[in-house]
Amino acid sequence: MAKHTTSHPSQTTPPSQELLSVSHLKTYFPIKSGVLQRVTGYVKAVDDISFKLYPGQTMSLVGESGCGKTTAGRTILRLTPKSAGEVVFEGKDIYKLDAQELRALRPQMQLIFQDPYSSLSPRMPVGEIIAEAPRQHHIVPKEQFDTYIDKIMKDCGLQPYHRDRYPHEFSGGQRQRICIARALALNPKFIVCDEPVSALDVSIQAQIINLLMDLQAQYNLTYLFISHDLSVVEHISDLIGVMYLGDLVERGTKKEVFARPLHPYTQALFSAIPVPDPDYKMNRIILEGSIPSPANPPAGCKFHTRCRYCMEICKQQVPPSYEVEPGHVVNCHLYEGSPVVDDLTGSDDMEVQLAREKLAAAEDRAAGAAAARGQLSVDDIVSENLSEEARTDSQEAVLDRSSEWMKEREQQLERMQADRRQAEPAAAGAAPAGDESAEAPASPEK
Ligand code: SF4
């Protein structure tokens, strides 16, 4: 994906007042059965997640399909009811607002859907699709309305003459631009982008991602970006949250999480990101077993049925959150500072020591892969005191290998050209004099 040059508002220090605060949010869906439709259990789609977002930031939620990313986004917008926890937007708990207050707040919290086609009415012209909600919410005075809609369309890469056309007359990328314009026309502060590019071609994905970043810089928007495409996430995010079976198992800044994924699940997920180097040996971590049902999650750590570092304690106790470095939080028994691990370490538990050693090796491999993708500079790696293995996989090593390969390729081409030059006079000399057929080019008709 092409590097985007727009300066990102969130790359500056975040303002002290958060825009969105999510605490201990849970969304459970009841399972009903029998003639009386009694509740016999719950699907724990979102199970106790907490994070904060500051104006102008982008936080990405990543994880396998069914891990609760979309439900989390919808619950934050109060489109799906919560089971417990708090969602505070600009100091107001949105679940305590009455219908009128919620209606007044709605324009500020918008959603961009995954499928641009099915989220647009086929019977309405594009101008009306974009203008309908701002008109209802009186976003601008009547006399400025048309100019306002034209400007929004232009900012989203659409032309004023597109107003009278219908969604089926547009390509997939243009339809997603219409969806973005519809959300933007309400002058929002916060947008949940629910896999906005997963239905598009790769080249169009880059355009839409760059458009979202441009609009963020222009309008100081805050995004919650839901995706399972880690390359896209790496391009757009400031913060990353990794979800597994409804839990936020790791969160931190993009640089921290990509350079040093801590949770075994994050390491497995990130080990699948392709490295653009033909010589780079991928250390892919294959997760065994299938995802347990969110209706009946495993006891203790929910990931223990698939974790290669699983210890006895993991099967019994839910891992606490441990802040490994400021803002980089992981839920895993392996990390020091967890009271459970301190107890075990005190008793010289070999199982914990062994699992930690394996984990440290996996962290180094992940750092090597991040360096090969260009995430870390060599200085970063050296300053973080990573192992020799990680250093050899650093960006510098990758560049060296590429230039060696280029040299070899050039030499190979030179040898081929020399061989051809030698072969041509020999062939000309071998042809009998006067035999025109030897030099005459083959006729295409023959
Ligand atoms: S708590 Fe145990 S099972 Fe869970 S991720 Fe950490 S090591 Fe693996």
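Helices α3 and α4 cross with right-handed geometry in this predicted model. Two packed helices are described by the angle between their axes and the distance between the axes. For α3 and α4 the axes come within 11 Å and cross at roughly 120 degrees. An angle from 65 to 115 degrees would count as roughly perpendicular and one over 145 as roughly antiparallel; the two helices are therefore oblique to each other.

The table gives the extent of each helix and the residues through which the two meet.

| Helix | Residues | Contact residues |
|---|---|---|
| α3 | 126-136 | G127, I130, A131 and R135 |
| α4 | 145-155 | F145, I149, I152 and M153 |

Sorted by class, the contact of α3 with α4 has 6 nonpolar residues, 1 polar and 1 charged. Arg counts as charged and Gly as polar, and R135 and G127 both belong to the α3 side of the contact.

Helix α1 spans residues 69-76. Of its 8 residues, 7 are buried, so α1 is largely enclosed by the rest of the structure. The buried residues of α1 are K69, T70, T71, A72, G73, T75 and I76. Just after α1 comes R78, whose phi is positive, at about 60 degrees.

The model also holds a ligand, with 15 residues around it. Of these, C301, H304, C307, C314 and C332 come nearest. Which classes make up the shell around the ligand? The shell divides into 12 nonpolar residues and 3 polar ones, with no charged residues. Cys counts as nonpolar in this division, and C301, C307, C314 and C332 are among the residues that come nearest to the ligand.

Terms used. Residues numbered from 1 in each chain as written. Predicted model: local features only at pLDDT ≥ 70, side-chain atom pairs only at ≥ 80, totals over all residues. Near = placed C-beta within 6 Å. Axes fitted to C-alpha atoms, helices over the stretch in contact; angles between N-to-C directions. Helix = DSSP H or I, 4+ residues; strand = E, 2+ residues; numbered from the N terminus. Parallel < 35°, antiparallel > 145°, perpendicular 65-115°, else oblique. Left-handed = near helix turned anticlockwise from the far one by under 90°. Contact = placed C-beta atoms within 7 Å. Buried ≥ 20, exposed ≤ 12 C-beta atoms within 10 Å, placed from the backbone.
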